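Visitor: I have a structure open and would like to talk through how its chains are arranged. Could you guide me?
Guide: Gladly; let us look at it together.

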Amino acid sequence: MPSAESVLFMFGLCAMVAEAMTAALAAGRRKMDWFGVAMLGSVTALGGGSVRDMLLGHYPLLWVKYPSLLLLTGGAALLTIALAHVVHHFHLLFLVLDAIGLVVFTIIGCSVAIEMNLPLIVIVVSGMITGCVGGVLRDILCNEVPLLFRAELYASVSLVTGALYVAGTYYRLGDVLVLLVSLAVGLTFRLLAIRYKWEMPKFIYERGDPH
Amino acid sequence: MPSAESVLFMFGLCAMVAEAMTAALAAGRRKMDWFGVAMLGSVTALGGGSVRDMLLGHYPLLWVKYPSLLLLTGGAALLTIALAHVVHHFHLLFLVLDAIGLVVFTIIGCSVAIEMNLPLIVIVVSGMITGCVGGVLRDILCNEVPLLFRAELYASVSLVTGALYVAGTYYRLGDVLVLLVSLAVGLTFRLLAIRYKWEMPKFIYERGDPH
Amino acid sequence: MPSAESVLFMFGLCAMVAEAMTAALAAGRRKMDWFGVAMLGSVTALGGGSVRDMLLGHYPLLWVKYPSLLLLTGGAALLTIALAHVVHHFHLLFLVLDAIGLVVFTIIGCSVAIEMNLPLIVIVVSGMITGCVGGVLRDILCNEVPLLFRAELYASVSLVTGALYVAGTYYRLGDVLVLLVSLAVGLTFRLLAIRYKWEMPKFIYERGDPH
């Protein structure tokens with residue numbers, strides 16, 4: 001049976017590829033050039049973990065240690081250009097890959113903070129930063145209000161996944177079990193949220209700027 | 001008589017709450033969901049200090065050390081949703097709270113850099129980063145050109161406050177005295193600037209992009 | 001004969017001034033106030049190196065060590081306001097200065113990573129971050145999709161310059177020689193790209209958001 005770490009690592013690579021490919025589509029909607037597509041892919045796939053590591057002072061960053069990740073994510077983004085004309089046939093696959101990315105990155109972020117012996121809340125927040133910030137960077141670079149703040153249960157999925165993973169780890173329920181359960185619950189939650197268009201209530205405030 | 005440190009800490013908490021609440025109103029203008037409101041509140045309230053600490057290599061970050069600050073700021077932002085229908089009655093209170101936030105964060109930023117024995121200019125800039133960057137992050141995440149660069153004497157207030165605080169500390173005029181004088185002058189300056197619509201001259205350049 | 005280091009340092013100062021001045025023009029197009037102009041100038045000129053240093057954990061940052069760089073870049077941006085009415089006469093000069101900035105920053109970024117004994121890909125990426133991120137920050141703060149991702153051979157010039165510099169250093173072809181050749185090739189490449197409007201192919205994807 002494979003160790004939890006190697007399972008997480010494999011899922012992590014898939015998640016990076018998935019994030020880079022969805023970022024490439026966003027770049028295509030903004031008519032970026034090929035180089036821009038590759039860069040946006042790498043920033044989106046590796047940005048969440050990089051911001052987390054800078055915030056926590058956790059050096060060296062993953063892509064500094066394993067620079068081939070830059071080629072993997074940039075390459076996945078470029079590959080998306082070639083596949084663009086068939087990508088819409090794989091709409092569902094992309095949604096699932098994106099959901100896997102969110103959940104896996106969240107768990108990786110939690111496990112980094114657990115290793116650093118950080119407080120409970122910081123562990124969960126570390127998971128959320130790792131899971132969500134890549135997409136926020138993508139949206140900022142595409143000059144949009146981050147989807148994260150506006151739509152769907154994205155951050156909530158990250159929070160629930162992280163809380164489950166932390167609780168399971170705390171009660172020592174077995175690494176692989178905890179990993180698979182958090183993954184399954186987070187993924188199901190995310191896909192149900194998309195399928196049934198679950199949303200958080202919105203806060204609408206229409207008075208003028210108080211300044 | 002309380003120590004300068006404990007006074008600054010108390011004011012700092014108030015400032016964080018104030019920044020989180022004004023950020024929540026900005027989130028409401030962008031129709032963000034509740035989770036987005038809480039996140040934007042925390043990022044705005046804690047972002048200036050976090051960017052400063054990453055730039056200066058000053059670890060651990062405040063919210064990593066005191067994770068309850070995440071709950072405080074996120075909670076304050078959520079509370080604002082419940083209070084939104086009466087918030088406009090407290091327009092003036094918000095302006096004062098926001099001004100307190102700017103001035104207090106500036107002083108905290110200066111005192112962190114002083115403790116690190118950094119050069120004079122860096123101390124003042126550390127204060128400005130702490131005071132102003134939270135609002136810049138809020139505006140970027142709301143997809144606006146940061147107010148900081150466009151309007152009112154905001155950065156100038158931070159500069160004056162920081163310079164006063166640094167000068168007073170340098171000449172050892174007594175911690176509490178220096179703190180209170182910088183606070184009072186900065187706050188007065190900011191409120192006068194709002195009241196009389198003081199503005200820096202603007203640079204308007206209407207030729208095309210040189211590229 | 002001057003050392004490669006002192007030549008690079010001199011070019012680096014010119015590049016910072018150039019970047020601050022082009023940022024000031026961007027600020028003027030957004031009608032920022034004078035303080036905003038100075039801040040945008042400093043952020044653009046020093047931002048690429050600062051982001052690189054935070055990503056690589058390379059402390060202290062350059063402007064913390066040499067705080068007069070803050071005055072130099074902020075001052076250069078303010079000077080641009082005074083010169084704005086004649087700036088269009090120096091259109092070509094600005095293009096050349098901006099190209100020098102790109103190429104010099106790239107080489108500085110590579111040499112920092114070489115000193116840190118980082119892997120080859122990271123060295124080249126460190127050069128690209130140093131050369132390109134200042135302009136990305138400028139565009140984000142001006143609320144635009146970064147030019148980098150959309151237009152011209154900007155990142156490509158940075159990549160080629162960095163690759164040349166790294167190859168030359170690896171084969172120990174002599175510090176000053178390698179420096180001058182990378183500079184000359186990068187600069188020529190950039191100016192030819194502007195003159196003949198060379199562009200990377202763009203990726204245009206017009207289907208809706210997959211979400």
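Visitor: What rotation superposes chain A on chain C?
Guide: Bear in mind that this is a predicted model. Superposing chain A on chain C takes a turn with 0.0 Å of shift along its axis, and the RMSD is 0.0 Å. That is how copies are related by a three-fold axis. The rotation is 120 degrees.

Visitor: What percentage of the contact residues of chain A recur in chain C?
Guide: Here the copies use different surfaces. The share of contact residues of chain A that recur in chain C is 9%.

Visitor: And which rotation takes chain C onto chain B?
Guide: Chain C superposes on chain B with an RMSD of 0.0 Å. The shift along the axis is 0.0 Å, and the rotation is 120 degrees.

Visitor: Why do chains C and B meet through different surfaces?
Guide: Look at which interface residues of chain C are also interface residues in chain B. The copies meet through different surfaces because that overlap is only 9%.

Visitor: Which helix gives the most to the side of chain A that touches chain C?
Guide: In this contact, 33 residues of chain A meet 28 residues of chain C. On the chain A side, two or more residues come from each of α1 (4-29), α2 (34-56), α4 (68-87), α5 (91-115) and α6 (120-141). The top contributor, with 8 residues, is α2(A).

Visitor: How many residues on that side of chain A, the one that touches chain C, are nonpolar?
Guide: Let us sort them by class. The side of chain A that touches chain C has 4 charged and 6 polar residues, and its nonpolar residues number 23.

Visitor: Turning to chain C where it touches chain B, how many of its residues are nonpolar?
Guide: There, 32 residues of chain C are in contact with 28 residues of chain B. The largest share of this side of chain C, 8 residues, is supplied by α2(C). By class, 4 residues are charged, 6 are polar, and the nonpolar count is 22.

Visitor: How far does helix α8 of chain B reach from its first C-alpha to its last?
Guide: Helix α8 of chain B covers residues 155-170, which makes 16 residues. At 1.5 Å a residue, 22 Å is expected, and the helix comes close to that, with a reach of 22 Å.

Visitor: Which residue with positive phi follows α8(B)?
Guide: Within α8(B), buried residues include Ala155(B), Leu159(B), Tyr165(B) and Thr169(B). After the helix comes a residue with a phi near 50 degrees, and that residue is Arg172(B).

Note on methods. Residues are numbered from 1 along each chain as its sequence is written. Chains are lettered from A and ligands numbered from 1 in the order in which they are written. This is a predicted model: local features need pLDDT of at least 70, side-chain atom pairs count only at pLDDT 80 or more; totals for chains, interfaces and linings use all residues. Copies are superposed by least squares on the C-alpha atoms of residues with pLDDT of at least 70 in both. Two residues are in contact if their C-beta atoms, placed from the backbone, lie within 7 Å. Helices (H or I, at least four residues) and strands (E, at least two) are DSSP runs, numbered from the N terminus. Ala, Val, Leu, Ile, Met, Phe, Trp, Tyr, Cys and Pro count as nonpolar, Asp, Glu, Lys and Arg as charged, and the others, Gly among them, as polar. The expected span of a helix is 1.5 Å times one less than its number of residues. A residue is buried if 20 or more other C-beta atoms lie within 10 Å of its own, exposed if 12 or fewer, and partly exposed in between; C-beta atoms are placed from the backbone.
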